[in-house]
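Subject: Handing over the structure, with notes

Dear colleague,

I am passing on the structure we talked about, and below it you will find my notes on what turned up. Please read them with the structure open beside you, so that each element can be located as it is named.

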Amino acid sequence: MVWDITPYMYLSSKIQCQNNMGPSQRFHFPSLPVVPARADPEFILVSFSLILFVFLNLTSPKIPQFPFTKMAPTILHLRSETKHLEHRSALTPATTAELIKAGYIVNVERSPERIFDDEEFEKAGATLVPEHSWVDAPKEHIIVGLKELEEEDFPLKHVHVQFAHCYKQQAGWENVLARFPRGGGTLLDLEFLVDEHGRRVAAFGFHAGFAGAALALEVWAWQLNHSEPFPGVESYPNEDALIADVQKAVKEGVAKAGRLPRVIVIGARGRCGSGAVSALKKAGIPDENILDWDMAETAKGGPFKEITDSDIFVNCIYLTSKIPNFVNKESLQVPDRQLRVVCDVSADTTSPFTPVPIYTVATTFDKPTVPVDGLASGPPLSVISIDHLPSLLPREASEAFSHDLLPSLLTLNDWQNSPVWARAKKLFDEKVATLPESALQK
């Protein structure tokens, strides 16, 4: 350290010092030389400053110097979705910008399907990379996606954040799950990402229910006016455009039936159910035509005749264990059945927990409905079981989901110690422990 000592130049202080000093006055410091009383005050001040500096430098404790290593930033890799007509995204340009601001590096695969243009992510600060490049990304990169990966056999080495649909013993679950332990990778399933109270931190439920109820109204009106299956659908740019089409369809249905449809929504108090009820009301269905049920109404156990008395049934219940069926093939055989459309928003088509075991085929945007065969009487009955319904409104659904997920995403740099991700890892380990040995040996 170097001190720049400027001579003391205040004239009034110099005069005061000279006037106040007597013939025998001295400045005394322990173990230091005596300074003559008649010495120039400027010399005295400079000398005093030097002595004080030496004294403090010798007696002050030294501040220890600790070497440190700067942590490398966490790299997130947003993969392009491969599911047909999947336009949603787990990250949006807005959440990507927040992650980059927090110190993350975000690589975004180019995508022709994603609702957000590649340039929107680039403007947010992300680095654009080729489609499907996640496969060759370094092991420490965290792969962020939405829907399940394509059916392949190669082991997975990364940490994957996505919906995998393999924890409830769906068809082929063991093949999907086993790829992670075989490659030393980890699945952090978005479907089971919960807080300390067991509530999901982010979900597409509202928009799933909204889109499901909207489609159900369109299918109801279509059935009344056409004999051929309901045609394929495409994503809408926004909610207003979807509702305009639904309102038009409802008018056509009412013209044929002479009345508005009666709709029962089970799970109406949850995110999904509230979305369904919202869509019904915006489409012009009055409150008296909406039977909004939840746990209290279903506590007695089904099947429920209120379902077959309705024109449309929207199932918004999310189950992880078996309960009595809401409806089954036997309960549909009543002669006065009015039910024409079932929208199983949960779409647990092959799950043993499904409360709607009247179909076995998952539907798609290309083929939105599947008929229920073997009915003795009554009108035709169609089931909607699209497992990515929110993609009907991809921009709004993605923005809502990613916004809710952001606080958890911001802790991915220490995910092993973050309670939300640690719970997901614990569940992953528990599910892996149930895998048959044959699945791990492939």
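Of the 442 residues in the protein chain, 47% are buried, and please keep in mind throughout that this is a predicted model. The chain holds 13 helices and 12 strands, and when contacts with a separation of 6 or more are considered, 73% of them join residues that lie 24 or more positions apart.

I would begin with the open sheet, in which six strands are arranged in the order β3-β2-β1-β4-β5-β6 with parallel pairing. Its edge strands, each of which pairs on one side only, are β3 (127-129) and β6 (186-189), and from one strand to the next the twist averages 25°. At one edge of the sheet, strand β5 (residues 159-162) is joined to β6 by four bridges in the parallel sense, and within this pairing Val-161 has Leu-188 of β6 as its bridge partner.

Which helix packs on the sheet where β5 and β6 lie? The helix is α12 (residues 419-432), which touches both of these strands and whose direction makes about 120° with that of β6.

The same helix also has a helical neighbour, since helix α5 (residues 173-183) and α12 pack with their axes 10 Å apart and at an angle of about 115°. The crossing of α5 past α12 is left-handed. On the α5 side the contact is made by Trp-173, Leu-177, Phe-180 and Pro-181, while α12 contributes Phe-428, Lys-431 and Val-432. Sorted by class, the residues of this contact are six nonpolar, no polar and one charged.

One residue of α12 deserves a separate look, namely Arg-423, which lies in that helix. Is Arg-423 buried, exposed or partly exposed? Its relative accessibility is 31%, and because this value falls between the limits of 20% and 50%, Arg-423 counts as partly exposed. Apart from its neighbours within four places in sequence, Arg-423 is in contact with Val-194, Asp-195 and Glu-196. The C-alpha atom of Arg-423 is also separated by 9.9 Å from that of Gly-198, although these two residues are 225 residues apart along the chain.

A second helix pair is worth setting beside the one above. The axes of helix α3 (residues 93-101) and helix α11 (residues 394-409) come within 10 Å and cross at roughly 15°, and because this angle is under 35 degrees, α3 is described as roughly parallel to α11. In this pair the crossing of α3 past α11 is right-handed. The residues that make the contact are Thr-95, Glu-98 and Leu-99 from α3, together with Ser-402, His-403, Leu-406 and Leu-409 from α11. By class, the contact of α3 with α11 comprises three nonpolar, three polar and one charged residues.

Finally, I looked at Thr-298, which is found in helix α9 (residues 295-298). With a relative accessible area of 16%, Thr-298 is buried, because that value is under 20%. Leaving out its neighbours within four places in sequence, the residues in contact with Thr-298 are Ile-266, Trp-293, Phe-304 and Phe-326.

With best wishes

Methods: Residues numbered from 1 in each chain as written. Predicted model: local features only at pLDDT ≥ 70, side-chain atom pairs only at ≥ 80, totals over all residues. Heavy atoms only, no water. Helix = DSSP H or I, 4+ residues; strand = E, 2+ residues; numbered from the N terminus. Buried < 20%, exposed > 50% of the residue type's maximum accessible area, 1.4 Å probe, protein only. Contact = heavy atoms within 4.5 Å. Axes fitted to C-alpha atoms, helices over the stretch in contact; angles between N-to-C directions. Parallel < 35°, antiparallel > 145°, perpendicular 65-115°, else oblique. Left-handed = near helix turned anticlockwise from the far one by under 90°. Nonpolar A, V, L, I, M, F, W, Y, C, P; charged D, E, K, R; others polar. Pairing = 2+ DSSP bridges.
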